[in-house]
Amino acid sequence: MLDFPDSRHDITAAIALNAANPSVAPTMVAPQLQVAGVVAFYIVLASSNKAVLISAPDLPLLFLLLQLLIAVVLLRFSALVSKRAIEIPPFELQVAGKLLPVVLVNIVGLVFNTLCLRGVEASFFQIARGLVLPLTILVSWIHNRSVSISWHVILAAVIVTGGFFLGVTPSSQLPLTSSPSLLSLTYGVLSSVFIAVHAVLIKSSLPHCNNSTLQLAWWTNAGSAVLLLPFVILRGEPFILRAMMDDPHWDATVFLWGTLITGFFGFLLCIAGLLSIRVTSPITHMFSSAARSVLQTLIGVTYFGDLITTNRATSIIVIIGGTMFYTWIKSMETKAPSRHPDDIEAKGGDNTEESKEIELQQSPLMAEDKE
């Protein structure tokens with residue numbers, strides 16, 4: 001969720017304008033601003049998340065909880081400022097019960113996502129979670145077997161899967177300190193599984209939120225924070241934080257500012273991601289995804305000192321290529337816009353169901369590359 005900080009306000013405003021006024025057709029400027037803004041949000045979040053987890057590796061759940069709370073507070077504040085654009089639903093126990101599966105899957109996926117990022121290099125993170133697209137296709141097919149899958153889509157999934165295994169194959173070029181552990185890779189695969197399930201659950205959860213993606217975002221983040229809090233306390237992370245603050249050798253500013261920045265940009269990406277599907281096309285998502293992957297790799301190498309071997313570089317290229325191929329296929333297969341007819345956030349847009357599926361996987365904490 002990040003890249004060019006100066007454009008973040010413009011992109012959010014452009015999205016809000018299209019959402020609030022369905023009669024305003026998307027212009028050439030809005031998609032361009034969106035690509036720049038969403039890519040920027042992703043890169044800032046990915047790099048800031050990694051910096052915080054390096055600074056405080058023993059506080060992954062507390063870090064995640066604070067990000068969720070910041071997003072919840074900002075959503076509430078935004079609703080007070082602009083009640084027409086953002087509506088916070090009242091708490092209803094019956095609705096909370098119906099949304100429990102999607103909230104539970106969301107928070108479990110976020111935990112695995114954070115633990116994976118903590119244990120692998122920033123540039124390797126997109127490889128560790130490279131199975132998101134194939135698993136999303138698989139889970140969607142299992143959920144709805146009446147929808148056939150073209151061999152082109154299967155080929156794209158095979159390409160991405162091949163890129164994943166190419167990247168995780170042990171290499172003699174890597175020192176032991178740079179090689180990811182089996183546990184970290186397991187976290188990455190489990191994160192991909194839960195993201196894929198989350199994408200399917202979102203479709204069945206929207207009717208319980210008046211078909212509002214923003215209301216679903218509120219329920220998801222608030223519910224995730226409530227479910228995560230007991231585990232943060234059980235792990236003793238608040239006490240660990242207190243002990244670390246008493247250590248004169250620990251720089252608390254990285255944790256503090258990193259949490260605030262990722263929470264804020266996570267909120268912006270939540271808004272942009274949930275509403276951007278109305279004003280961008282699958283092709284736009286294709287190129288923004290490629291840009292995010294390239295920039296994330298460059299930041300990992302230049303800022304965090306990651307090592308890029310031939311295997312890793314080839315893996316990233318194959319995963320990007322497979323994802324772009326998949327997006328191009330879906331854009332060719334589905335020319336007509338696909339959206340929920342009663343979504344209260346927006347009526348405009350030029351997206352396929354598949355691009356919507358991928359974008360809605362995104363919560364303020366899922367800031368890294370999803371494809």
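A salt bridge is here a side-chain nitrogen of Lys or Arg within 4 Å of a carboxyl oxygen of Asp or Glu. In this predicted model, the side chains of Glu121 and Arg312 meet that rule, with N and O 2.7 Å apart. The pair joins distant parts of the chain, since Glu121 sits in the loop between α4 and α5 (122–128) while Arg312 belongs to helix α13 (residues 310–333), 191 residues apart. Both partners lie below the 20% limit under which a residue counts as buried: Glu121 has a relative accessible area of 15%, and Arg312 has 2%. Side chains of opposite charge can pair when their charged atoms come close.

The count by this rule comes to three salt bridges. Another of them links Arg235 and Glu237, whose closest N and O atoms are 2.6 Å apart. Here the two partners fall in separate classes of accessibility: Arg235 is partly exposed, at 44% relative accessible area, whereas Glu237 is buried, at 0%. There is also a salt bridge between Asp246 and Arg242, with 3.9 Å between the closest N and O atoms. Asp246 is exposed, because its relative accessibility is 57%, and Arg242 is exposed as well, also at 57%.

Glu237 and Arg242 lead to helix α10, which spans residues 237–245 and has Glu237, Leu241 and Met244 as its buried residues. Viewed down the axis of α10, these buried residues fall within an arc of 65°, so they line one face of the helix. Phe239 and Arg242 are exposed on the other side of α10. The charged residues named for this helix are thus split by exposure, because Glu237 is buried at 0% relative accessible area and Arg242 is exposed at 57%.

The setting for these details is a protein chain with 14 helices and zero strands. Of its 371 residues, 56% are buried. The largest nonpolar core has 33 residues, and Leu59, Ile107, Val111, Leu228 and Phe255 are those with the most contacts inside it. At least two residues of this core come from each of α2 (29–55), α3 (60–81), α4, α5, α8, α9, α10 and α13. The largest share, seven residues, is supplied by α4. In soluble globular proteins, nonpolar side chains tend to be buried together.

Helix α5, one of the contributors to the core, also holds Gln126. This glutamine is buried, as its relative accessible area is 7%. The C-alpha atoms of Gln126 and Gly167 are 9.8 Å apart in space, with the two positions 41 residues apart in sequence numbering.

Empty space comes next. The second largest pocket has a volume of about 280 Å³. Its lining consists of 13 residues, and Phe91, Ala96, Trp219, Ala222 and Gly223 lie nearest the centre of the pocket. Two helices, α4 (93–119) and α9 (213–234), each supply at least two of the lining residues. The largest share of the lining, six residues, comes from α9. By class, eleven lining residues are nonpolar, two are polar and none is charged. Helix α4 therefore appears in two of the features described, because it supplies the largest share of the largest nonpolar core and at least two residues of the lining of this pocket.

The loop between α8 (182–205) and α9 contains Asn210. Phi of Asn210 is near 55°, a positive value in a residue other than glycine. Asn211 is placed in the loop between α8 and α9 too, and has a positive phi of about 60° although it is not a glycine. Most residues other than glycine have a negative phi, and most peptide bonds are trans. Asn211 counts as buried, because its relative accessibility is 12%.

Terms used:
Residues are numbered from 1 along each chain as its sequence is written. This is a predicted model: local features need pLDDT of at least 70, side-chain atom pairs count only at pLDDT 80 or more; totals for chains, interfaces and linings use all residues. Side-chain values use heavy atoms; hydrogens and water are left out. On a 1 Å grid over the protein atoms alone, a cavity is a set of points where a 1.4 Å probe fits but cannot get out, and a pocket is an open set with protein on both sides within 12 Å along at least five of seven lines; lining residues have an atom within 4 Å of a point. Grid points are joined across faces, edges and corners, and a volume is the space filled by probe spheres set on the points. Helices (H or I, at least four residues) and strands (E, at least two) are DSSP runs, numbered from the N terminus. Ala, Val, Leu, Ile, Met, Phe, Trp, Tyr, Cys and Pro count as nonpolar, Asp, Glu, Lys and Arg as charged, and the others, Gly among them, as polar. Buried means under 20% relative accessible area, exposed over 50%, partly exposed in between (1.4 Å probe, protein chains only). The arc is that of the directions from the helix axis to the C-beta atoms. A nonpolar core is a set of buried Ala, Val, Leu, Ile, Met, Phe, Trp, Tyr and Cys residues joined through side-chain atoms within 4.5 Å.
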